Amino acid sequence: MTDRLLREFKQDIDSFTLIPAGGGRFEVTIDGELAFSKLKEGRFPEYDEIQPEVSKRI
């Protein structure tokens with residue numbers, strides 16, 4: 001997913017940070033706002049869920 005996001009939005013993303021975490025946490029935040037939480041949803045996100053969230057904020 002990271003590769004696809006960087007390829008699609010490379011001209012528009014100011015920074016992209018991956019922060020390792022434990023405990024089953026996988027969260028996607030955009031400009032400080034939570035866009036997806038694996039703990040809340042119980043699964044990993046699909047690209048098609050995250051891509052529109054990034055698009056809205058660019």
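Which residues does Ala 35 touch, not counting residues up to four places away in sequence? Val 28, Thr 29, Ile 30 and Glu 53. That answer comes from a predicted model. To place these contacts, start with the whole chain and then go element by element.

The chain has three helices and two strands. Along the sequence they follow the pattern α-β-β-α-α. The radius of gyration is 11 Å, close to the 10 Å that the globule rule gives for 58 residues, so the chain is as compact as a globular protein of that length. The C-alpha trace spans about 35 × 20 × 20 Å along its principal axes.

Next comes the surface. Of the 58 residues, 19% count as buried. The accessible surface comes to about 4,600 Å². Carbon and sulfur atoms hold 46% of that surface. The chain carries 9 positive and 12 negative charges. The mean positions of the two sets are 4 Å apart.

Contacts can also be sorted by sequence separation. Take those between residues at least 6 apart in sequence. Of these contacts, 40% join residues at least 24 apart.

Now walk the chain from its N-terminal helix. Helix α1 covers residues 2-9 and includes Thr 2. Is Thr 2 buried, exposed or partly exposed? Its relative accessibility is 27%, so Thr 2 counts as partly exposed. Leaving aside neighbours within four places in sequence, Thr 2 is in contact with Phe 16 and Leu 18. Tyr 47 is 45 residues away from Thr 2 in sequence. In space, their C-alpha atoms are 9.2 Å apart.

The strands follow. Strand β1 spans 27-30, and Asp 31 sits in the loop between β1 and β2. The backbone of Asp 31 has a phi near 55°. That is a positive value in a residue other than glycine. The relative accessibility of Asp 31 is 67%, so this loop residue counts as exposed.

Strand β2 covers residues 33-37, and Ala 35 belongs to this strand. Return to the opening contacts. Val 28, Thr 29 and Ile 30, all touched by Ala 35, fall within the 27-30 range of β1. Glu 53, also touched by Ala 35, falls within the 47-57 range of α3. Even with these contacts, Ala 35 is partly exposed, with a relative accessible area of 23%. The cut-off for buried is under 20%, so Ala 35 does not count as buried at its 23%. Pro 45 lies ten residues from Ala 35 along the chain. Their C-alpha atoms are separated by 9.8 Å.

Ser 37 is also found in strand β2. Where does Ser 37 fall, buried or exposed? Its relative accessibility is 8%, so Ser 37 counts as buried. Not counting residues up to four places away in sequence, Ser 37 touches Phe 26 and Glu 27. The side chain of Ser 37 also has a polar atom 3.2 Å from the backbone nitrogen of Lys 40.

Helix α2 takes up residues 38-41, with Leu 39 among them. At 55% relative accessibility, Leu 39 counts as exposed. Leaving aside neighbours within four places in sequence, the contacts of Leu 39 are Gly 23, Gly 24 and Arg 25. How far apart are Leu 39 and Val 54 in space, C-alpha to C-alpha? The distance is 20 Å, with their positions 15 residues apart in sequence.

The last stop is the C-terminal end. Helix α3 covers 47-57, and Ile 58 lies in the segment after this helix. Ile 58 has 47% relative accessibility and counts as partly exposed. Which residues does Ile 58 touch, not counting residues up to four places away in sequence? Phe 9 and Asp 12. Phe 9 is a position within the 2-9 range of α1. Ile 13 is 45 residues from Ile 58 in sequence, yet their C-alpha atoms are 7.8 Å apart.

Put the steps together. Ala 35 in β2 touches residues that include Val 28 and Glu 53. Ser 37 in β2 counts as buried, whereas Leu 39 in α2 counts as exposed. Ile 58, after α3, touches Phe 9 and Asp 12.

Notes:
Residues are numbered from 1 along each chain as its sequence is written. This is a predicted model: local features need pLDDT of at least 70, side-chain atom pairs count only at pLDDT 80 or more; totals for chains, interfaces and linings use all residues. Side-chain values use heavy atoms; hydrogens and water are left out. Helices (H or I, at least four residues) and strands (E, at least two) are DSSP runs, numbered from the N terminus. The radius of gyration is taken over C-alpha atoms; the globule rule is 2.2 Å times the number of residues to the power 0.38. Buried means under 20% relative accessible area, exposed over 50%, partly exposed in between (1.4 Å probe, protein chains only). Contact means heavy atoms within 4.5 Å. Accessible areas come from the Shrake-Rupley method with a 1.4 Å probe; for residues, only the protein chains shown count as cover. Lys and Arg count as positive and Asp and Glu as negative; His and the chain ends are not counted. The place of a charge is taken as NZ of Lys, CZ of Arg, CG of Asp or CD of Glu. A polar contact is a pair of N or O atoms within 3.5 Å; within protein, one must be able to donate a hydrogen and the other to accept it, and residues adjacent in sequence count only if both atoms are side-chain atoms.
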